[in-house]
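Trainee: Could you take me through one part of this protein closely, and show me how that part sits in the whole? I would enjoy a slow, connected look.

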Amino acid sequence: MLGNGVVGILSESTNKWERRVPLTPAHCARLLHGGSGKTGVARIIVQPSTKRIHHDALYEDVGCEISEDLSECGLILGIKQPQLEMILPDRAYAFFSHTHKAQKENMPLLDKVLAERATLFDYELIAGDNGKRLLAFGKFAGRAGMIDFLSGLGQRFLNLGYSTPFLSLGASYMYFSLATAKAAVISVGEEIATQGLPSGICPLVFVFTGSGNVSQGAREIFKLLPHTFVDPSELPRLFEMARDHTLVGRTTKRVFQVYGCVVTSEDMVEHKDASKCFDKADYYAHPENYRPIFHEKIAPFASVIVNCMYWERRFPRLLTTTQLQDLLRKGCPLVGISDITCDVGGSIEFVKRTTSIDSPFIRYDPNDNSYHHDMVGDGVICSAIDILPTEFAREASQHFGDILSQFIGTLASSKCLDNLPAHLKRACIVHGGALTSLYEYIPRMRNSDIENSSQILQPLQAAKMKYTTLISLSGHLFDQFLINEALDIIEAAGGSFHLVKCQVGQSTDALSYSELEIGADDKAILDKIIDSLTALANPSEGHVDSTDNIISLKVGRLKGTDTEKENEIKSEAVVLILGAGRVCRPAVEFLTSIGRGSSRKWLKSYMTDESREITSIRVIVASLFLKDAVEITEGIPNATAIQLDITKKENLYHYTSQVDVVISLLPPSCHSIIASACIQFRKHLVTASYVDDSMSNLDELAKDSGITILCEMGLDPGIDHMMAMKMINQAHARGGKIKSFTSYCGGLPSPDAANNPLAYKFSWSPAGAIRAGRNPATYKYNGEIVHVDGDKLYDSASRLRMPYFPAFALECLPNRNSLVYGELYGIENEASTIFRGTLRYEGFGEIMGTLARIGFFSTEVNPMFQNETRPTYKTFLLALLGCHTKDSAESIVGEKTIADQIIALGLCTKRETAIKAAKTIMFLGFHEKSEIPASCQCAFDVTCLRMEERLAYSGKEQDMVFLHHEMEVEFPNGQPTENHRATLLEFGRTHGERSYTAMALTVGIPAAIGALLLLGKNITTKGVLRPMHPEIFVPTLDILEAYGFKLVEKAD
């Protein structure tokens, strides 16, 4: 029956709430109607079910057959383990079997598959070449678990005497979709932002443990509330401030946000030796050397603990019963535990039973160690549901099927295991009634006297060998089949083993741990086994490149040696930054802070369990002029300055080949040269510049080379893209359509520095900004395409007021071709208005437009600059104003005479505007008698020189960056239209003797974050990219916010 192209879908029978499906009707339609010759699927037979998220009729509508009998199917799919009687002989099955780690409770299922000569594929084992699981529901568990707990939190607070907005929230399964559930959470957040929370329950702090998919899903929901994330070290200060406000304020004071805190293992334990710091590798290998501190430093400030981490019994518990009793006696504000991992009797000792979707909470009272199914009384509420993803069965099934459907044709049409691609072959535990070679360790595990996966046995002599020793193995032993290699090494050398201790990671994100007593009759053989196992843990350089997943294995003798330090993998990365301008220093400081205390707060915002952990980053700053690079790196540890001319290829190639990632902060014209070098040496590249044709043409070459060229990773372009895509994706996820999209961005002086007639200053050469003001613009307004000629751009400036920033008197000018962004953002066919504008203080456009008409920006060579006698600024001005009388050179030039001449020449119709222009001309010093330098050959050169001299920042003056998006979103089914806004307002900063412009920070930091994400392998897409992929903009915005950038989102 194998490979006959007939696919069956099981009716789920393990739990009444299990409504997920491996394939939706839409997936089935594509498989059936794509042609069996193309998809490998000829028929799909679906077992009838009245509780499945998609009704039987929907499957029939797309051509599936509905039948209890799946005997004609060669491949049968499910979600959870089926009942044993459902296993038919000589068929292939795919579901979550939970058998590859020899889990005792599931061995009858494995025995049944073997007895029926069946084939078993396990979804959990389908992984990419990087070892990352391709099929998982973790984020859906986090999302559902967080919403369920917020719902219960409202009920608990009501019983404690507080009415909160959480009370209006339902459980996850009560909502038609994830989008509608999120909309409900957003409504709760809006009520918190406007009405506030009672001060008696504030600060309301949610502590999230772990950083994997589950934690990310939970935090995704949490972030829909008005919130601030704080570092664990800031918790005492947060509560101290709250207490001070309570002492001086009224008891009716309300608080308008909640707080989040992400903790990882370094926040939960400390080394017993006070002289030693936390070391993750050492902690995983020797947890007995660490003592728990979560109950002392984190739990006293937690209102809610959202447990998203995997735990093993060899590690200290997160919170014990005794610790909870002590905390509550001391007045700890802990209200409840959301144990999304559902680790019963695990890291949280008093969570000793699961809850269910229809009865999601129990109340634990530590006073008498009792459990209650109500919300009334002492203690804390606990939720521990083991089937959370099914609450969002529709989206979870869609997500799962999107990936699974890519493999179904191959699985359904293949008769031989050897014909399968590597990722599917690795996922096959049993083929034709026999364990595949990768899983031959399972009988060994079953026969090693282990009663359960967490039991510790007394050491026994391994097969009564003469020489024995204990070894420990820690890593992805089962997910990546390393245990198989380890046991093969022992047996091939003539040794034997006895499994003393085994703790199996319950997800592929978690490590497993085993202790083996190994023995041999010859000491030399035993030493050879130890050496071979050590080599497995410490592969050669060449071996690392070909098999990444072996790296995570840690081997060390339990007695007599300290191999953890020897086996620790060095994770220092090297980044080359080309260009030593103002933007460079913030990027260097950001990257070199990795591994130091200053990075802890924001580092957790990007780290996931799949990320490569970077312990430190060394930065090389390269500039054509060495002194510029030296100035940038001065005082920064782990930063080096070099002189480099990129036009000398041998030098560029040398340094490119020595690093992991290159950041180019050079002009756009240099990027293609640098990108070609990166492609040749397979190094990732980050730039803050627009993607032009020269870069676009490198897309396929970059993909072939396996690298990412991440462009537009600055402010504009950069942060503007990321904020826009986040808003648009959120609206689309709720079924909304973007009716209008407007975006405004500008680099401006801070209000106290806008102290000149133009209310504008330059932090570098003004030539680029002036030229940009002469570019034509195109945008769409209410369905009509509007074109603005370059010479009329300044005159098209329109007055702008921000409702939430009434003190700013601003105007905006259309910014080039806005229609391009409709295509990039995927809204060109739904938005009737698409507009991008440049922000300036009000009056800028009319002054600059007047200066342009006078001729200050002309690039034509002026004859007066060809004379031997250099003209003065005054004679230059008078020539522009048409004053050619003999007396004009000696005449007194003032604001009134300049304004009068501007009006007389018809260059301006408004007297007020003419006076503003005259004031600007005087401020720039065009009335002065000093000679114009010989370097100036046209009016544009002269104007740029004067502006660079007179409109520069001085002393401690600061600039600011203002980025603002507005969207009008229409929703189906008569739902009200919503207006969404997102704003970034960032001012320049001063640290000690150094000042950093807001522009340098908002360009340099995103570029550095891009490099960090590439180093950490968070970005998997290859080719030439903009930051419009969720894998880029989601962590980047999180890091920016954690780093101190204020990103404000509002909806009404």
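Mentor: Happy to; we will look closely at helix 31 and its surroundings, then at some other parts of the chain.

Please keep in mind that this is a predicted model. Helix 31 spans residues 873–880, and six of its eight residues are buried, so the helix is largely enclosed by the rest of the structure. The buried residues are Tyr 873, Lys 874, Phe 876, Leu 877, Leu 878 and Leu 880. A lysine, Lys 874, is thus listed beside the leucines and the aromatic residues. An α-helix has 3.6 residues a turn, so residues three or four places apart point the same way. What lies over the buried residues here? The cover includes helix 30 (844–854), helix 32 (895–904), helix 33 (911–923) and helix 34 (939–950). After helix 31 comes Gly 882, with a positive phi near 75 degrees.

Helix 20, residues 584–592, makes a good companion to this picture: eight of its nine residues are buried, so helix 20 too is largely enclosed by the rest of the structure. Its buried residues include Cys 584, Arg 585, Pro 586, Phe 590 and Thr 592. Phe 590 also belongs to a nonpolar core of 73 residues, which has Ile 636, Cys 745 and Ile 1009 among its members. Ile 1009 brings us to a stretch with a record: an unreviewed UniProt entry lists residues 996–1016 as "transmembrane region". In the model, residues 996–1016 are 86% helix and 5% strand, and the C-alpha atoms at the two ends are 27 Å apart.

The largest nonpolar core has 119 residues, and those with the most contacts inside it are Ile 44, Tyr 123 and Phe 206. Setting aside neighbours within four places in sequence, Phe 206 touches ten residues, if we read the list through: Met 146, Leu 150, Leu 153, Phe 222, Val 258, Tyr 259, Gly 260, Cys 261, Val 304 and Val 306.

Two loops are worth a visit as well. Thr 99 sits in the loop between strand 5 (92–95) and helix 4 (107–115). Is Thr 99 buried or exposed? Its relative accessibility is 0%, so Thr 99 counts as buried. The side chain of Thr 99 makes a polar contact of 2.8 Å with that of Ser 97. Beyond its neighbours within four places, the contacts of Thr 99 include Asn 106, Met 107, Asp 122, Ile 429 and Ile 442.

Asp 378 lies in the loop between strand 17 (370–372) and strand 18 (380–383). Leaving out neighbours within four places, Asp 378 is in contact with Arg 156, Arg 363, Tyr 364, Asp 365 and Asn 367. Pro 366 is twelve residues from Asp 378 in sequence, with 8.2 Å between their C-alpha atoms.

Now for the whole. The protein has 36 helices and 42 strands, and 56% of its 1052 residues count as buried. Of the contacts with a separation of 6 or more, 72% come from residues 24 or more positions apart. The accessible surface is about 43,400 Å², with 51% belonging to carbon and sulfur atoms. A search of the whole structure finds zero disulfides. As for individual cysteines, Cys 73 is buried at 0% relative accessibility, and Cys 812 is buried at 4%.

Conventions:
Residues numbered from 1 in each chain as written. Predicted model: local features only at pLDDT ≥ 70, side-chain atom pairs only at ≥ 80, totals over all residues. Heavy atoms only, no water. Helix = DSSP H or I, 4+ residues; strand = E, 2+ residues; numbered from the N terminus. Buried < 20%, exposed > 50% of the residue type's maximum accessible area, 1.4 Å probe, protein only. Contact = heavy atoms within 4.5 Å. Areas by Shrake-Rupley, 256 points an atom, 1.4 Å probe, with all protein chains shown as cover. Disulfide = S-S within 2.5 Å. Polar contact = N/O pair within 3.5 Å; in protein donor to acceptor, adjacent residues only side chain to side chain. UniProt positions renumbered as here; feature names shortened; annotations may be inferred. Core = buried A, V, L, I, M, F, W, Y, C linked by side-chain atoms within 4.5 Å.
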